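Open the model in your viewer and switch to cartoon. Keep a selection box ready, and follow the stops in order.

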Amino acid sequence: MQIVKYIGTALIVALVSVFVIIAGISFFSAPDSSGLLGYKGYTVVSGSMEPEIAVGDFIIVKTEPYADVEKKDVITFQYNQELVTHRVSDKTTEGLVTKGDANNIQDQGFVTEEAYVGTQRILIPYFGYIVTFLQKPIAFAIVVAFMGIYLIHLYINPITKEEENSNI
């Protein structure tokens, strides 16, 4: 039974750690910010990069130097006050030419150094749905309720000295 407790605890700690890291990355993901340790996270809201990147996926981009961007890299950039994630199809002196994988034509204009946000490094399928849900007030209430229930459970069923000593 002790092994099940240890495995369960390890899984919960790992899961909470992932959520805390993702929350930190999301919090510092404004286009003008430097991100969390150079990383920013975004939820995909359009199908322009399908099938590789789908609606509801969560992408983590690394803020790397603009000069390091290569052809075929997937980058995130600002276009008309929106963030767009598309593949670089060409590099010119005017800027980067981009196109969504699911689009028939390339994007209008060029991605300049000022508009460039970062290069996609990590893709977490469907995780964007969770991130979007957790940003809603009802999600905050649910999380607080679960924490309250857990604290009540600990109060009603405290860990005894025998259980504490048997864990050592």
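Which residue in the turn between strand 3 and strand 4 has a positive phi? Select N80: its phi is about 50 degrees. This is a predicted model, so treat each stop as a feature of a prediction.

**Stop 1: the first hairpin**

Stay at N80. Two residues separate strand 3 from strand 4 in this hairpin. Now colour strand 3 (74-79) and strand 4 (82-91). They pair in the antiparallel sense, over six bridges. Select Q78 and look across to strand 4: L83 stands opposite. Then select I75, which faces H86 in strand 4.

**Stop 2: the next hairpin**

Follow strand 4 onward to strand 5 (residues 96-99). These two run antiparallel and are joined by four bridges. Select K91; its bridge partner in strand 5 is L96. Four residues lie between the two strands of this hairpin. Pick G95 in the turn, where phi is positive at about 150 degrees.

**Stop 3: the whole sheet**

Zoom out and show every strand. The sheet is open, has six strands and follows the order 1-2-6-3-4-5. Its pairing is antiparallel. Why is one side of strand 1 and of strand 5 left without a neighbour in the sheet? Strand 1 (39-43) and strand 5 stand at the edges, and each has a single partner strand, so one side stays unpaired within the sheet. Turn the view to follow the twist, which averages 50 degrees from one strand to the next.

**Stop 4: the nonpolar cores**

Select Y66, V69, I75, F77, V84, V88, L96, V111, A115 and Y116, and show their side chains. These 10 residues make up the largest nonpolar core. Strand 3 and strand 4 each supply at least two of them. Another core lies apart from this one. It has eight residues, including M49, I53, I59 and V61. In soluble globular proteins, nonpolar side chains tend to be buried together.

Return to F77 and list what it touches beyond its neighbours within four places in sequence. Its contacts include E82, L83, V84 and H86. T98, D107, V111, A115, Y116 and V117 are also in contact with F77.

**Stop 5: R87**

Select R87, in strand 4. Is R87 buried or exposed? The residue counts as buried because its relative accessibility is 19%, and the cut-off for buried is under 20%. Show polar contacts next: the side chain of R87 makes one with the side chain of E52, at 2.6 Å. Leaving aside neighbours within four places in sequence, R87 is in contact with residues including M49, K72, D73, V74 and V97. T98, K99 and D101 are also among its contacts. For a distance check, measure to A30: the C-alpha atoms are 21 Å apart, across 57 residues of sequence.

**Stop 6: K71**

Move to the loop between strand 2 (58-62) and strand 3, and select K71. Beyond its neighbours within four places in sequence, K71 is in contact with V88, S89 and D90. K71 and S89 are 18 residues apart in sequence, yet 5.7 Å apart C-alpha to C-alpha.

**Stop 7: helix 3**

Finish on residues 137-156, which form helix 3. This helix has 20 residues. From first C-alpha to last it reaches 29 Å, close to the expected 28 Å. Colour it by burial. How many of its 20 residues are buried? The count is one, and helix 3 is hardly covered.

Definitions and conventions. Residues numbered from 1 in each chain as written. Predicted model: local features only at pLDDT ≥ 70, side-chain atom pairs only at ≥ 80, totals over all residues. Heavy atoms only, no water. Core = buried A, V, L, I, M, F, W, Y, C linked by side-chain atoms within 4.5 Å. Buried < 20%, exposed > 50% of the residue type's maximum accessible area, 1.4 Å probe, protein only. Contact = heavy atoms within 4.5 Å. Expected span 1.5 Å × (residues − 1). Pairing = 2+ DSSP bridges. Axes fitted to C-alpha atoms, helices over the stretch in contact; angles between N-to-C directions. Polar contact = N/O pair within 3.5 Å; in protein donor to acceptor, adjacent residues only side chain to side chain.
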